[in-house]
Amino acid sequence: TAAFWMCLMEWPFMERRRSMKNDRWMMLCCGGILVCVCASLWLPYTEWGILLFSILSALRLYFANDVITGLDQANPKNRTVREMAMLSMFFILMMAGITVWYECGQLPDVVKEKLQFFMVLFLVLVYGNAAPKLPFNRHLGLRLPWTTTNENTWRYAHRICGYMSFPTAFFMLCGYAMHQSGVQIAALCIGFVGLPAFLSYRYNQKQKK
C-alpha cells in the first residue's frame, strides 16, 4: 500500500526539464508498481514485483541524488537524500522480511503486529529528524503543488514535519497501547501530512500576498 501511494504521488511531479533517461527510469519503476498492484487481483506473487520496483526506486534516489536535487554530487545537502534512500531500502526489506517470516508460520500474529508498528514508528522518528534538512526537490519529501514550486514553503513545510515527529510518535504509541489502530492512522496522517500541508498552504498564500 505504501509503495502504491508513493507511486501515485511521484507520477504528477515528474520533472520534464530533466533528461529523458532519468524520467523514463522513474516512470518505469512507478509503472511497474501500478501494474503489479492492478494485476494482484488475478495473478499470484505480484507483491514480489512491487518489492523489486520499490527497491529500484530507492536505488534511483541514492545514485541519482544530484539529478533529483539539481545540486552537484559533492554538495553536502545530497547526503540527506542518500541517507533517506538507504532508510527506504532498509524499511522496505525489513517489512518484506517480517511478512515472509509470518507467511512461513514462524511468526505469531502479535509479534508480527508489534514489529510492523515499531518499524513504522522508527521511520516516523528518523524521517522527522531528516525532514528539515531535505533539499528542495520534486521527488523526495512532502510533495505538494505549493511546496514543490516555492523553496521557502518547502522549507517551512518540512520544519513542521520535523516539529511534529515526536507528537506523532507519542499519539501513535497511545493508540497502540489502547489497541486502537484508528488512532495510530489518524496521528500519522494528521501529524505528518494534514497539519504540515495545511500550515504550509497558509504560509504560501501569505507569501504570495
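This passage describes the fold, aromatic contacts, salt bridges and surface features of the structure.

The model is predicted. The protein holds 8 helices and 0 strands. Read along the sequence, the pattern is α-α-α-α-α-α-α-α. Of its 209 residues, 40% count as buried.

Aromatic contacts were searched across the whole structure, and 10 aromatic pairs were found. One of them joins Phe 117 and Phe 118. The ring centres of Phe 117 and Phe 118 lie 5.2 Å apart, and the planes meet at 80°, an edge-to-face arrangement. The two residues fall into separate burial classes by the computed accessibilities. Phe 117 has a relative accessibility of 6% and counts as buried, because the limit for that class is under 20%. Phe 118 reaches 42% and counts as partly exposed. A further pair is formed by Tyr 127 and Phe 192. Here the centres are 5.4 Å apart and the planes stand at 65°, so the pair of Tyr 127 and Phe 192 is edge-to-face. The cut-off behind that label is an angle of over 60 degrees. This pair links distant parts of the chain. Tyr 127 belongs to helix α6, residues 109-130, and Phe 192 to helix α8, residues 181-208. The separation between Tyr 127 and Phe 192 is 65 residues. Both partners are buried: Tyr 127 has a relative accessible area of 15%, and Phe 192 stands at 10%.

Phe 117 and Phe 118 also belong to an aromatic cluster, together with Tyr 176. A ring is involved in a charge contact as well. Lys 112 lies over the face of Tyr 102, at 4.8 Å from the ring centre.

Salt bridges were counted next, and the count comes to 2. Side chains of opposite charge can pair when their charged atoms come close. Glu 83 and Arg 79 meet in one salt bridge, with an N to O distance of 3.1 Å. Glu 83 and Arg 79 lie in helix α5, residues 78-103. They are separated by about one helical turn, because they are 4 residues apart in that helix. Glu 83 is partly exposed, at a relative accessible area of 37%. Arg 79 counts as exposed, at 54%. Arg 155 and Glu 151 meet in a salt bridge too, at 3.0 Å from N to O. Both residues lie in helix α7. Arg 155 and Glu 151 are 4 residues apart, about one turn of the helix. Arg 155 is partly exposed, with a relative accessible area of 42%. Glu 151 is also partly exposed, at 36%.

No disulfide was found: the search of the whole structure gives 0. Two cysteines illustrate the range of exposure classes. Cys 161 has 0% relative accessibility and counts as buried. Cys 174 is partly exposed, with a relative accessible area of 27%.

Several loop residues have features of their own. Leu 43 lies in the loop between α2 (20-39) and α3 (46-63). Leu 43 is exposed, with a relative accessible area of 52%; the class requires over 50%. Together with Leu 41 and Trp 42, Leu 43 forms a nonpolar patch on the surface. The accessible area of the three residues together is about 440 Å².

His 179 lies in the loop between α7 (151-177) and α8. Its phi is positive, at about 60°, although His 179 is not a glycine. His 179 is exposed, with a relative accessible area of 71%.

Leu 140 lies in the loop between α6 and α7. Leu 140 is buried, with a relative accessible area of 11%. The C-alpha atoms of Leu 140 and Val 81 are separated by 7.8 Å. Along the chain, Leu 140 and Val 81 are 59 residues apart.

Notes
Residues are numbered from 1 along each chain as its sequence is written. This is a predicted model: local features need pLDDT of at least 70, side-chain atom pairs count only at pLDDT 80 or more; totals for chains, interfaces and linings use all residues. Side-chain values use heavy atoms; hydrogens and water are left out. Rings of Phe, Tyr and Trp (its six-membered ring) pair if their centres lie within 6.5 Å; planes under 30 degrees apart count as stacked, over 60 as edge-to-face and the rest as tilted. Buried means under 20% relative accessible area, exposed over 50%, partly exposed in between (1.4 Å probe, protein chains only). Helices (H or I, at least four residues) and strands (E, at least two) are DSSP runs, numbered from the N terminus. A charge sits over a ring if NZ of Lys or CZ of Arg is within 6 Å of the ring centre and within 35 degrees of the ring normal. Patches are made of residues with over 30% relative accessible area and no salt bridge: like charges are joined within 9 Å, nonpolar side chains (Val, Leu, Ile, Met, Phe, Trp, Tyr) within 5 Å. Accessible areas come from the Shrake-Rupley method with a 1.4 Å probe; for residues, only the protein chains shown count as cover. A salt bridge is a side-chain nitrogen of Lys or Arg within 4 Å of a carboxyl oxygen of Asp or Glu. A disulfide is a pair of cysteine sulfur atoms within 2.5 Å.
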